[in-house]
Amino acid sequence: MVALFERYLKGGATGYRVLSAYAHSMQWMLVRPSRAKPSAEPDVVLVSTQVNTGELLALMDDIVDLFDADCGFWVVLAGQPLDVWSLAKQGNAAPTSAA
């Protein structure tokens, strides 16, 4: 994924990593602070990871869809047609000139 954005996005891999932070951090916002317990390390708490598998999969499905849409937006903002992203996901990305 990083190599794809290095190739097509003006900001390259760094731009991709910064712009995709939302998709990667979303699940941490869903942790319930009320379940936090102190740990031996300062400024670190422990939160139970008991998970309903069905809920987790539904959540991850939404996150992956959001991530996929965001990647398409960034490819378009980099001056490439959306087809570049569609083809890249299939392993068929043809080189085009960067914007």
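**Surface, core and turns of a predicted model**

Q: Which residues form a nonpolar patch on the surface, and about how much accessible area do they have together?
A: In this predicted model, a nonpolar patch on the surface is formed by three named residues, one of which, Val51, has its place in the loop between strand 2 and helix 4. Together they have about 230 Å² of accessible area, and the residues are Val51, Leu56 and Met60.

Q: In what order do the elements of the protein chain run from the N terminus on?
A: The protein chain holds five helices and two strands. Read from the N terminus on, these elements run α-α-α-β-β-α-α.

Q: Which elements give two or more residues to the largest nonpolar core?
A: The largest nonpolar core has twelve residues, namely Leu4, Phe5, Tyr8, Leu9, Tyr16, Phe67, Cys71, Val75, Ala78, Val84, Trp85 and Ala88. The elements that give two or more residues to this core are helix 1, helix 4 and helix 5.

Q: Why do the buried residues of helix 5 line one face of the helix?
A: Helix 5, which spans residues 82-89, has Val84, Trp85 and Ala88 as its buried residues. When helix 5 is seen down its axis, these buried residues line one face because they fall within an arc of 95°.

Q: What is included in the cover over the buried residues of helix 5?
A: The buried residues of helix 5 are Val84, Trp85 and Ala88, and each of these names also appears in the list of the largest nonpolar core. What covers them includes helix 1 (2-8) and helix 4 (53-77).

Q: Which residue follows helix 5, and what is its phi?
A: Most residues other than glycine have a negative phi. The residue that follows helix 5 is a glycine with a positive phi, Gly91, and its value is near 80°.

Q: Is Asp43 buried or exposed?
A: Asp43 is found in the loop between strand 1 (36-38) and strand 2 (45-47), and its phi is positive, about 65°, although Asp43 is not a glycine. A residue counts as exposed when its relative accessible area is over 50%. With 85% relative accessibility, Asp43 therefore counts as exposed.

Q: What percentage of the residues in the protein chain is buried?
A: The protein chain exposes about 7,100 Å², of which carbon and sulfur atoms supply 61%. Being buried means having under 20% relative accessible area. Of the 99 residues in the protein chain, the buried ones make up 22%.

Terms used: Residues are numbered from 1 along each chain as its sequence is written. This is a predicted model: local features need pLDDT of at least 70, side-chain atom pairs count only at pLDDT 80 or more; totals for chains, interfaces and linings use all residues. Side-chain values use heavy atoms; hydrogens and water are left out. Buried means under 20% relative accessible area, exposed over 50%, partly exposed in between (1.4 Å probe, protein chains only). Helices (H or I, at least four residues) and strands (E, at least two) are DSSP runs, numbered from the N terminus. The arc is that of the directions from the helix axis to the C-beta atoms. Contact means heavy atoms within 4.5 Å. A nonpolar core is a set of buried Ala, Val, Leu, Ile, Met, Phe, Trp, Tyr and Cys residues joined through side-chain atoms within 4.5 Å. Patches are made of residues with over 30% relative accessible area and no salt bridge: like charges are joined within 9 Å, nonpolar side chains (Val, Leu, Ile, Met, Phe, Trp, Tyr) within 5 Å. Accessible areas come from the Shrake-Rupley method with a 1.4 Å probe; for residues, only the protein chains shown count as cover. A salt bridge is a side-chain nitrogen of Lys or Arg within 4 Å of a carboxyl oxygen of Asp or Glu.
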